[in-house]
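Subject: Structure handover

Hello,

Here is the structure I promised to pass on. Please open it first, then read the notes below.

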Amino acid sequence: MSTSDKKEKSTLKRSCSFEGKINPRILHRSITDYCELGDLPPRSPLEPVCEDGPFGPVKEERKRTPHELRELWKKAIIQQILLLRMEKENQKLQASENNLQNRRLKLDYEEITPCLKEVTLIWEKMLSTPGRSKIKFDVEKIHSAVGQGVPRHHRGEIWKFLAEQYHLKHQFPSKQQPKDTPYKELLKQLTSQQHAILIDLGRTFPTHPYFSAQLGAGQLSLYNILKAYSLLDQEVGYCQGLSFVAGVLLLHMSEEDAFKMLKFLMFDMGLRKQYRPDMTILQIQMYQLSRLLHDYHRDLYNHLEEHEIGPSLYAAPWFLTMFASQFPLGFVSRVFDMLFLQGSEAIFKVALSLLGSHKPLILQHENLETIVDFIKSTLPNLGLVQMEKTISQVFEMDIAKQLQAYEVEYHVLQDELIDSSLNDNQRLDKLEKANSSLRKQNFDLLEELQVANGKIQNLEATVELLLTNEGKLKQSILTLEQERAALLKAVEEMRKKMGDTDGKPLLTGQELEAD
């Protein structure tokens, strides 16, 4: 040990205690030396602070009483509790800021139909109605509000509102309803569709900031929704195109709400039929679109047929992704507004309106490659004015009856094609099966007719009983009226006989009735 170290040690010993107390000056120096080596350990709230004053060592504080020590500890505990509360509030504030930032990030797209303040107030009034999920709103009012615009920051809530209105209008759900498995329970399970879902995550809105980060918050939430649906609907599982539909929903609401709305569109609105493995419904939809073109835009239909361009070459992604894979999000969000309002019919209307409004430009192209390229690449980049015009046209169209007729027509043509490829024995077998099926249907209808006749007889008996009761009640009323008239007459006669002792005129029967 060096001479200086020995001197330091002896000085510390001498100063370090008279009656077991440390000299504040030496303690301050030793603490300063300790601080040069690292952070100072936390000091007890009861430990007095020992520092040199400007004119030498500070006088030692007196020994604190037990009461003072208790008060100090109490104060320290209260301060610690306050610190913990402040930390929790800061975490909540941070989470709130993150949610707000995510909300801004999600809604990062350009509106095509600016929503006026008056329309926004109409929506806010409907959304804030107490018990709105049990109230049927005026259909015309809702159609008018959707037509005038949907505020972007309320869009997710409005879609949920439109779904509620649909359920109120259709009290009996469709036959094909999934099991009511909680979303969080589905997330705990494994899916065989995992690989296909993961591949499509990077292809879904790759330029949108919420989905662009690989396995970021957007992609993880999207994966959860698609995984849960693949487990809920084993028949469909996962199909390309579903990621875009789920992605649009996720941009406007929370993850669990987006899953519920996806389930609503698939089962209640019937979209799941077009995602089935056989794709039969999608083929029917392509035929229906072709027939619509034939009826509404014959020259465009002939031009496309001349170059052997069927709707499946360009329109299949429109139906599978609800236009989300190729068109701007502002336009897609308006398509979803109409989808929640009108169902899958809206997709046909948008497709027909798009093709019809660009007919002159399509007719200018004279070969298959340039026509398809124009429809796939140029058409989606239409300007805001053209987009708004397309949406306005959709609200004026009514093609429900045509779609039903075209579907029946498709099935008839398919049956004819099958019949033409069969020999006599096969045709006979098919006719026998058809006859057997018709007999069964006839028998079922006969049973239903018998049940209906029984109900009619019961209703007729009830009506007859009610008519009898009505006759009895009318007779009772007539008797009571006669008794009343007789009583009034008797009272009037009695008053006339008795007279008024004060000389005042007595009330007549009519005046009594008036009273």
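The largest nonpolar core holds 107 residues. Leu 265, Tyr 275, Trp 318 and Phe 336 have the most contacts inside it. The biggest contribution to this core comes from helix 16, residues 329-342, which supplies nine residues. Please keep in mind that this is a predicted model.

**Overall picture**

The chain has 515 residues, and 34% of them are buried. Its secondary structure comprises 23 helices and two strands. Take the contacts with a sequence separation of 6 or more: 73% of them join residues 24 or more positions apart. The exposed area of the chain is about 33,100 Å². Carbon and sulfur atoms supply 55% of that area.

**Around Phe 336**

What does Phe 336 touch, beyond its neighbours within four places in sequence? The partners are Trp 159, Val 245, Val 248, Leu 249, Leu 265 and Met 322. Two names in this part recur: Leu 265 is among the residues with the most contacts inside the core, and Met 322 has a backbone angle to look at.

Met 322 sits in the loop between helix 15 (316-321) and helix 16. Its phi is near 55°, a positive value in a residue other than glycine. Most residues other than glycine have a negative phi. Met 322 has a relative accessible area of 1%, so it counts as buried.

Phe 205 also has a positive phi, near 45°, and is likewise not a glycine. Where is Phe 205 found? It is in the loop between helix 8 (194-201) and helix 9 (209-212). With a relative accessible area of 8%, under the 20% cut-off, Phe 205 is buried.

**Helix 5 against helix 16**

Two packed helices are described by the angle between their axes and the distance between the axes. Helix 5 covers residues 139-148. The axes of helix 5 and helix 16 come within 10 Å and cross at roughly 170°. An angle over 145 degrees counts as roughly antiparallel, so helix 5 is roughly antiparallel to helix 16.

On the helix 5 side, the contact uses Ile 142, His 143, Val 146 and Gly 147. On the helix 16 side, it uses Arg 334, Asp 337 and Leu 341. Sorted by type, the residues of this contact are three nonpolar, two polar and two charged.

Is Val 146, in helix 5, buried or exposed? Val 146 is buried, because its relative accessible area is 0%. Leaving out residues up to four places away in sequence, Val 146 touches Trp 123, Arg 334, Asp 337, Leu 341 and Phe 395. Phe 395 lies 249 residues from Val 146 in sequence. In space, their C-alpha atoms are 9.4 Å apart.

**Two more sites**

Glu 345 belongs to helix 17, residues 345-357. Why does Glu 345 count as buried? Its relative accessibility is 18%, and buried means under 20%. Beyond its neighbours within four places in sequence, Glu 345 is in contact with Asp 398, Ile 399, Ala 400 and Leu 403.

Pro 209 is in helix 9. Its relative accessibility is 32%, so Pro 209 counts as partly exposed. Not counting residues up to four places away in sequence, Pro 209 touches Leu 105 and Asp 108. Pro 209 and Leu 105 are 104 residues apart along the chain. Their C-alpha atoms are separated by 6.6 Å.

**Where to look**

For a quick pass, start with Phe 336 and its contact with Met 322. Then go to Val 146, which touches Arg 334, Asp 337 and Leu 341. Finish with the positive phi of Phe 205.

Best wishes

Methods
Residues are numbered from 1 along each chain as its sequence is written. This is a predicted model: local features need pLDDT of at least 70, side-chain atom pairs count only at pLDDT 80 or more; totals for chains, interfaces and linings use all residues. Side-chain values use heavy atoms; hydrogens and water are left out. A nonpolar core is a set of buried Ala, Val, Leu, Ile, Met, Phe, Trp, Tyr and Cys residues joined through side-chain atoms within 4.5 Å. Buried means under 20% relative accessible area, exposed over 50%, partly exposed in between (1.4 Å probe, protein chains only). Helices (H or I, at least four residues) and strands (E, at least two) are DSSP runs, numbered from the N terminus. Contact means heavy atoms within 4.5 Å. Axes are lines fitted to C-alpha atoms, for helices over the stretch in contact, and angles run from 0 to 180 degrees between N-to-C directions. Angles under 35 degrees count as roughly parallel, over 145 as roughly antiparallel, 65 to 115 as roughly perpendicular and the rest as oblique. Ala, Val, Leu, Ile, Met, Phe, Trp, Tyr, Cys and Pro count as nonpolar, Asp, Glu, Lys and Arg as charged, and the others, Gly among them, as polar. Accessible areas come from the Shrake-Rupley method with a 1.4 Å probe; for residues, only the protein chains shown count as cover.
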